[in-house]
Amino acid sequence: MHASDATLVTAYLEHGDQAAFRTLVERHQERIHGYLLGMVREPAVADDLFQETFLRAIRAMHAQRGSYAHQGRWLQWVMRIARNAALDHLRRQKRWRTVESADEDREPVWERLPDTEPDAVTHIDRKQQIELLNRCINRLPPEQREVVLLRQEAELTFREIAELTDCSINTALGRMRYAVNNLRKMMVVAKKNDAEYAPY
Amino acid sequence: MPPTDTERDILLYLYGEGPKPDLYAPGARDAYEDLADLKDLLDERPASQPSQAALTSIFEAAEAATPALQHRPAVPPARRLRLARRVGLAAALAVCGGVGYWLAASGGEEPAYVAQEEVLPAELPAWDAGDDLRAMHLRAAELQGGMMDWEEAVPLESIPLDEAGGEVPLQAGMEW
């Protein structure tokens with residue numbers, strides 16, 4: 001039987017059921033950790049932020065029992081804590097720059113690159129493609145990268161992403177569209193460069 | 001070139017949040033294939049796992065944050081309902097069994113109020129015979145009293161045959 005998040009939260013808070021809490025963490029750990037790792041790009045830092053996220057969540061759950069249980073959206077609630085932890089870290093590192101919506105209309109550097117030879121992507125190994133894709137995700141503008149991570153890793157819907165990041169759903173979708181277009185072009189360019197420098 | 005509405009619709013479709021877009025629009029098929037390829041690649045990225053040390057620390061913190069009195073396993077609502085039903089059923093059976101035992105134990109005896117004979121006064125005043133039952137009782141007592149007033153006993157032979165209207169047993173020495 002697949003207990004809902006709300007049921008597990010109630011079991012933990014009302015009855016001290018530790019197994020319920022473990023289930024809750026194990027159910028969502030990949031989503032939350034994947035998002036954090038994508039944001040900070042360092043596994044050790046992602047681990048620290050993951051731990052910090054849950055310690056904050058535990059304290060908040062015991063302090064304000066009714067505030068989220070009735071919403072029935074525990075993951076979104078914890079994702080907000082994780083996002084705050086990640087942004088706090090990035091701000092301390094001065095690696096987060098808020099991009100205004102108007103900036104998204106400006107053409108990024110790789111936007112001016114020629115979109116040619118897309119089939120070259122298929123010439124390299126799949127594993128190499130995924131490694132290349134990860135590198136390209138890391139080079140995306142922060143807010144585009146965040147939308148990709150929230151949709152792909154945390155599996156939030158575009159509406160949930162819009163709520164979490166305090167923007168409209170069209171803005172969230174627009175960032176995703178820019179992100180995937182940029183990823184495609186960056187991969188083509190990167191492969192072309194790799195091919196040029198590849199030893200014969 | 002900025003993304004188009006077609007790309008927006010394709011993205012929503014690929015992530016299961018929108019209907020299938022019109023792929024007959026100019027350039028829609030190529031855009032769909034490009035985005036679908038990239039989505040496949042994104043889906044193939046390995047899942048990220050936290051370290052065991054981080055998980056252990058979280059679970060310890062969760063246990064420490066739980067008040068000591070609440071350290072007991074939760075009873076799911078469905079199980080609680082089943083438990084209540086069983087307790088109710090057991091109580092009903094116990095009540096039925098108790099009632100049955102009481103009926104069986106007291107079935108051979110007359111109730112105390114039935115066993116007690118009605119005590120009537122030896123002589124009731126005439127004006128107190130209004131009750132039918134009492135009147136019948138008094139009448140029966142009178143009749144019984146009258147029937148017991150026998151005449152003095154006489155030998156059978158002394159009763160004339162004509163009067164008796166029956167046969168007299170033969171005695172020794174008598175002839176027909």
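Which residues of the largest nonpolar core touch the most other members? In this predicted model, the core in question holds 58 residues, and the ones touching the most other members are A:Ile32, A:Tyr35, A:Leu36, A:Ala82, A:Met176, A:Ala179 and A:Leu183. As for the elements behind it, H9(A) is the top contributor to this core, with ten residues. A:Ala179 is worth a further look. Leaving aside residues up to four places away in sequence, A:Ala179 touches A:Leu140, A:Gln144, A:Val147 and A:Val148.

Chain B comes next. Its secondary structure is simple to describe: seven helices and zero strands, so to speak a plain α-α-α-α-α-α-α run when read from the N terminus. Of the 176 residues in chain B, just 7% are buried. Contacts in chain B with a separation of 6 or more can also be split by how far apart the partners sit in sequence, and 19% of them join residues 24 or more positions apart.

The two chains meet through 39 residues of chain A and 34 residues of chain B. On the chain A side, at least two residues each come from helix H1 (5-15), helix H2 (18-40), helix H3 (43-63), helix H6 (126-138), helix H7 (142-152) and helix H9 (169-197). H2(A) gives the most here, with ten residues. By residue type, the side of chain A that touches chain B breaks down into 18 nonpolar, 13 polar and eight charged residues. H9 of chain A thus turns up in both settings: among the helices that supply this side, and as the element that gives the most to the largest nonpolar core.

Finally, a couple of loop residues in chain A have backbone angles that deserve a mention. A:Glu155 is not a glycine, yet its phi is positive, at about 60 degrees. This residue is found in the loop between H7 and helix H8 (158-164) of chain A. Is A:Glu155 buried, partly exposed or exposed? A:Glu155 counts as partly exposed, because it has 16 C-beta neighbours inside 10 Å, and the buried class calls for 20 or more. A:Asp166, another residue other than glycine, also has a positive phi, near 55 degrees. A:Asp166 lies in the loop between H8 and H9 of chain A. With 7 other C-beta atoms within 10 Å, A:Asp166 is exposed, since that class takes in residues with 12 or fewer.

Conventions
Residues are numbered from 1 along each chain as its sequence is written. Chains are lettered from A and ligands numbered from 1 in the order in which they are written. This is a predicted model: local features need pLDDT of at least 70, side-chain atom pairs count only at pLDDT 80 or more; totals for chains, interfaces and linings use all residues. Helices (H or I, at least four residues) and strands (E, at least two) are DSSP runs, numbered from the N terminus. Two residues are in contact if their C-beta atoms, placed from the backbone, lie within 7 Å. Ala, Val, Leu, Ile, Met, Phe, Trp, Tyr, Cys and Pro count as nonpolar, Asp, Glu, Lys and Arg as charged, and the others, Gly among them, as polar. A nonpolar core is a set of buried Ala, Val, Leu, Ile, Met, Phe, Trp, Tyr and Cys residues joined through C-beta atoms within 7 Å.
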